[in-house]
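Subject: Structure for you to look over

Dear colleague,

I am handing over the structure we spoke about, and my notes on what was found in it follow below. Please read them with the structure open beside you.

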Amino acid sequence: DWEVKKSKVRFTGYYGHQEAAYTPVNITIPDRFVIYRDDTLDYLTTDASDQYHVHTIGKLCEAMQLVCHSGGYRMNTIGSIRNGKEVWFMASTENDRNIAGEKFKRNVLIGTSYDQTKRSFSLCSDVATVCSNTLNYALDTADDIFRVSHREKYNPELVVGDLQQVEKAQNKTLE
């Protein structure tokens with residue numbers, strides 16, 4: 001139960017030529033931000049620009065609720081790795097597909113990273129995502145991934161709308 005927050009970069013600097021004469025000065029960098037967890041105050045990234053939009057866990061959850069409600073999916077897994085620097089939500093459908101005798105279960109994956117290593121993403125996958133390895137595998141092997149830059153505000157309705165188009169195209173391929 002935590003949220004991601006954004007705060008201006010502030011630090012104490014010292015100036016002066018002789019150690020005994022150092023004068024402390026509080027410095028704020030107005031266009032640079034620290035992204036951090038509000039429960040532990042652990043930083044997630046230390047150099048976000050003023051154009052960085054926090055894609056909140058609440059907005060990601062809202063997108064997943066829309067997926068579950070409109071697509072007949074069921075929440076399955078919520079994960080956080082690297083101390084909260086990456087989070088994801090996975091929902092699965094009860095509709096299994098049988099292709100060449102092999103059973104596949106369709107999952108929807110929505111997530112983001114707060115350390116500026118990944119844009120927010122949503123995709124359909126047959127990979128059950130439960131850890132860093134399976135998350136990376138799902139991202140690496142996905143045919144279509146809808147990505148949202150942190151330079152844009154996160155809009156759950158837009159994300160789910162684009163994700164439904166991806167799912168329809170994948171379903172046509174499987175038929």
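**Cysteines**

Cysteine 68 is buried, with a relative accessible area of 16%. Please keep in mind that this is a predicted model, and that the values given here are computed from it. The sulfur of cysteine 68 lies 8.9 Å from the closest cysteine sulfur, which belongs to cysteine 61, and that is too far for a bond. A disulfide is a covalent bond between the sulfur atoms of two cysteines, and the structure holds zero of them. Cysteine 131, by contrast with a buried residue, is partly exposed, at a relative accessible area of 30%.

**Overall layout**

The protein contains three helices and eight strands, which follow one another along the sequence in the pattern β-β-β-α-β-β-β-β-α-β-α. Of its 175 residues, 38% count as buried. Among the contacts with a separation of 6 or more, 52% are between residues 24 or more positions apart.

**The sheet of strands 1, 2 and 3**

Three strands form an open sheet in the order 1-2-3, with antiparallel pairing. Strand 1 (4-15) and strand 3 (43-49) stand at the edges and have a single partner strand each, so one side of each is left without a neighbour in the sheet. On average, and with direction ignored, neighbouring strands of this sheet are turned by 50° against each other.

Strands of a sheet pair through backbone hydrogen bonds, either parallel or antiparallel. Here, strand 1 and strand 2 (residues 23-37) pair in the antiparallel sense over twelve bridges. If you would like positions to look for on screen, phenylalanine 11 stands opposite isoleucine 27 in strand 2, and valine 9 has isoleucine 29 of strand 2 as its bridge partner. Strand 2 and strand 3, which also run antiparallel, are joined by four bridges, and arginine 32 stands opposite serine 49 in strand 3.

The hairpin of strand 2 and strand 3 has five residues between the strands, and leucine 41 takes a positive phi near 65° there. This leucine 41 is not a glycine, although its phi is positive, and it is exposed, with a relative accessible area of 63%.

**A second positive phi**

Glutamine 116 has a phi near 70°, again a positive value in a residue other than glycine. Glutamine 116 is found in the loop between strand 6 and strand 7 (120-125), where it is partly exposed, with a relative accessible area of 43%.

**Nonpolar cores**

In soluble globular proteins, nonpolar side chains tend to be buried together. In this model the largest nonpolar core has 26 residues, and those with the most contacts inside it are Met64, Ile110 and Tyr114. At least two residues of this core are supplied by each of strand 2, strand 3, helix 1 (57-71), strand 5 (86-99), strand 6 (102-113), strand 8 (145-148) and helix 3 (156-174). The largest share, six residues, comes from helix 1.

Which residues does isoleucine 110 touch, not counting those up to four places away in sequence? Isoleucine 110 touches Leu60, Ala63, Met64, Val67, Val87, Trp88, Phe89, Phe121, Ser122 and Tyr154. Apart from the largest core lies another core, of eleven residues, among them Trp88, Leu109, Leu123 and Leu135.

**Helix 2**

The buried residues of helix 2 (residues 132-141) are Leu135, Ala138 and Leu139. Seen down the axis of helix 2, these buried residues fall within an arc of 95°, so they line one face of the helix. The face turned away from that buried side carries the exposed residues Asn133 and Asp140.

**Lysine 59**

Lysine 59 is found in helix 1 and is partly exposed, with a relative accessible area of 35%. Leaving aside neighbours within four places in sequence, lysine 59 is in contact with Tyr154 and Pro156. The C-alpha atoms of lysine 59 and tyrosine 154 are separated by 7.0 Å, although the two residues are 95 residues apart along the chain.

With best wishes

Terms used: Residues are numbered from 1 along each chain as its sequence is written. This is a predicted model: local features need pLDDT of at least 70, side-chain atom pairs count only at pLDDT 80 or more; totals for chains, interfaces and linings use all residues. Side-chain values use heavy atoms; hydrogens and water are left out. Two strands pair if DSSP finds at least two bridges between them. Axes are lines fitted to C-alpha atoms, for helices over the stretch in contact, and angles run from 0 to 180 degrees between N-to-C directions. A disulfide is a pair of cysteine sulfur atoms within 2.5 Å. Buried means under 20% relative accessible area, exposed over 50%, partly exposed in between (1.4 Å probe, protein chains only). A nonpolar core is a set of buried Ala, Val, Leu, Ile, Met, Phe, Trp, Tyr and Cys residues joined through side-chain atoms within 4.5 Å. Contact means heavy atoms within 4.5 Å. The arc is that of the directions from the helix axis to the C-beta atoms.
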